[in-house]
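Work through the exercises below with the sequence and the coordinates open beside you. Each task is followed by a solution that goes step by step.

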Amino acid sequence: MSTDCDIIINGGGMVGSALACLLADSGLSIVILESNLPPGDKKASKDIRVSALTLATKNIFDSIDVWQSVSHAKNPPAPIMEMQIWDAGSSGQIHFDSAEIGEPCLGYIASNQKVLDSLYTRIKRSSNIKIKFDCVLKDYKISQDQVAVLTEAGATITASLLIGADGASSRVRTIAGLENHGWPYNQTAIVATVESEKQHNNTAWQRFLPTGPLAFLPLADLQQTSIVWSADTAYANELLQLNDADFKETLGQKFENRLGEIKNVGPRNGFPLTLAHAELYTDERLALIGDAAHRMHPLAGQGVNMGLLDAAVLAEIIQGHSEQGRDFGKNFRLKAYTRWRKHDNQLMLMATDGFKRVFGINQPMLNNIRGQGMNFVSGLPPLRRSMMRLASGMASGIITGMTGNLPRAALSSTSSRW
Ligand SMILES: Cc1cc2nc3c(=O)[nH]c(=O)nc-3n(C[C@H](O)[C@H](O)[C@H](O)COP(=O)(O)OP(=O)(O)OC[C@H]3O[C@@H](n4cnc5c(N)ncnc54)[C@H](O)[C@@H]3O)c2cc1C
């Protein structure tokens, strides 16, 4: 049966847009539906956050010719050369240095909006990808040979496959009735840009407080960092309501003034935090990627990185079947994507949830054990190096620490040595 296009991607966020770019040379026709207004529109909502991007993500962006535009002079990504992590409740601390694993950095801090704008620019260059802004998926129907999507404006578009890249409240997932397990953390992450007295030296800093982690992430300007302060929601609301002077004072204290006095703080925004994991990632003519499939605590800065790995794996599988003339919308073929990604996503969800819980404990004896554990990891070079490779995204298995599970787009020519 002929369809209007081969693939519909619902959601043109970072993950959905990257998937389209990964399929740009596949010869498949792709339509992205995005509820936000086009980027040039003054009323379009902007993402004010930054993301810690792993080396695997940089490789993916390199492979689709997007990294160059992300790195463009105005507001370029800042390399993370070192990480300092310490515990407010004990003497525990860990120091990571990228030199120890022979890499120039462990990852990058980049503006979400700049990444998205770079992906949209790449999409514009592809004649086989169309993006429809201000377009909301309302419903869809799956039949033997196709999926028919109905938009809120009343248009119908048919395709062989529908991809839900529509974020944590995914309508695609909800309509499919795919179960989504998880819980709210009752925490809110406060995000703001901060200027401090001392330079950050391209170090990412994170202090674990009993109320949640406080991170200072380096930006291109050496005096500026983006903070992600996750705190129990009642406390976060108090912090959001403080005047600038009181907020700067409290922030400096909680961070032990590691970068000297906090000189300036930009507008503060709060993001509620939840954990969620879809029971199934695929169904007949349907697949979920990114936050539509899994949502995790931002303390390890891995949510979008895991989503981009989903996109790279799914693109590799779709392209493989398409080249052989096979129907890639069949669930028995799509299940290979779940087998490849679900385990790694599950481990990351468990690890971030585990860290959140362990650091949320505030009892002297347990604090002491936690501190000793951190100092043990920090003092053991092979374990420390394994953790750095995991954080950089270039090891996909906690036990093996090997790159064997990474999709081709995430590998660079030098990464095979792990
Ligand atoms: C405070 C905070 C800090 C974070 N820091 C990091 C970090 O440092 N590193 C990291 O890897 N991750 C981080 N994350 C996680 C990361 O932001 C998410 O994992 C990522 O944004 C998910 O991308 P996505 O494209 O899957 O979903 P989204 O960004 O939610 O995009 C979904 C898109 O779908 C569109 N949409 C929704 N419904 C419809 C519909 N019905 N029809 C059409 N379009 C629709 C939306 O407009 C949106 O553009 C952080 C998260 C938070 C909250």
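**Conventions.** Residues are numbered from 1 along each chain as its sequence is written. The model is predicted, so that local features need pLDDT of at least 70 and side-chain atom pairs count only at pLDDT 80 or more, while totals for chains, interfaces and linings use all residues.

**Exercise 1.** Determine the class composition of the shell around the ligand, and state which helix or strand gives the most to it.

*Solution.* Begin with the classes: the shell has 13 nonpolar, 15 polar and five charged residues, where Ala, Val, Leu, Ile, Met, Phe, Trp, Tyr, Cys and Pro count as nonpolar, Asp, Glu, Lys and Arg as charged, and the others, Gly among them, as polar. A residue is taken as near the ligand if its C-beta atom, placed from the backbone, lies within 6 Å of it. Next, pick out the residues that come nearest: of the 33 around the ligand, these are G11, G13, G167, G290 and G303. Then assign the shell to secondary structure, with helices (H or I, at least four residues) and strands (E, at least two) taken as DSSP runs numbered from the N terminus. At least two residues each come from α1 (14-22), β3 (50-54), β13 (180-196) and α8 (303-323), and α8 gives the most, with four residues. Finally, domain 1 (7-181 + 274-411) and domain 2 (185-273) each contribute at least three residues to this shell; the domain bounds come from an automatic or database domain assignment.

**Exercise 2.** Describe how domain 1 touches domain 2, and identify the element that gives the most to the domain 1 side.

*Solution.* The C-alpha centres of the two domains lie 25 Å apart. Counting contacts (C-beta atoms, placed from the backbone, within 7 Å), one finds 28 residues of domain 1 against 23 residues of domain 2. On the domain 1 side, β3, β4, β5 (82-87), β18 (269-278) and α9 (331-360) each supply at least two residues, and β5 gives the most, with six. That side divides into 17 nonpolar, seven polar and four charged residues.

**Exercise 3.** Locate the largest nonpolar core and explain why it lies between the domains.

*Solution.* Such a core is a set of buried Ala, Val, Leu, Ile, Met, Phe, Trp, Tyr and Cys residues joined through C-beta atoms within 7 Å. A residue is buried if 20 or more other C-beta atoms lie within 10 Å of its own, exposed if 12 or fewer, and partly exposed in between, with C-beta atoms placed from the backbone. The largest core has 113 residues, of which A18, L19 and I289 touch the most other members; α8 gives the most to this core, with 10 residues. Because domain 1 and domain 2 both give residues to the core, it lies between them. For a single member, take L19, which, leaving aside its neighbours within four places in sequence, is in contact with I9, I163, A165, I289, A311, L314 and A315. L19 belongs to α1, where nine of nine residues are buried.

**Exercise 4.** Establish which strands pair with β7 and how its residues are oriented.

*Solution.* Two strands pair if DSSP finds at least two bridges between them. Strand β7 (residues 107-111) pairs with β3 in the antiparallel sense over five bridges, and A52 stands opposite I109. Strand β4 (residues 78-80) also pairs with β7 in the antiparallel sense, over three bridges, with P79 as the bridge partner of Y108. In a regular strand the side chains alternate between the two faces of the sheet. In β7, G107, I109 and S111 point one way and Y108 and A110 the other way, and all are buried.

**Exercise 5.** N257 and R285 have positive phi values without being glycines; state whether each is buried or partly exposed.

*Solution.* N257, with phi of about 45°, lies in the loop between α7 (244-254) and β17 (262-265), and it counts as partly exposed because it has 14 C-beta neighbours inside 10 Å. R285, with phi near 65°, lies in the loop between β19 (282-283) and β20 (286-288); this residue has 25 other C-beta atoms within 10 Å and is therefore buried.

Key: Contact = placed C-beta atoms within 7 Å.
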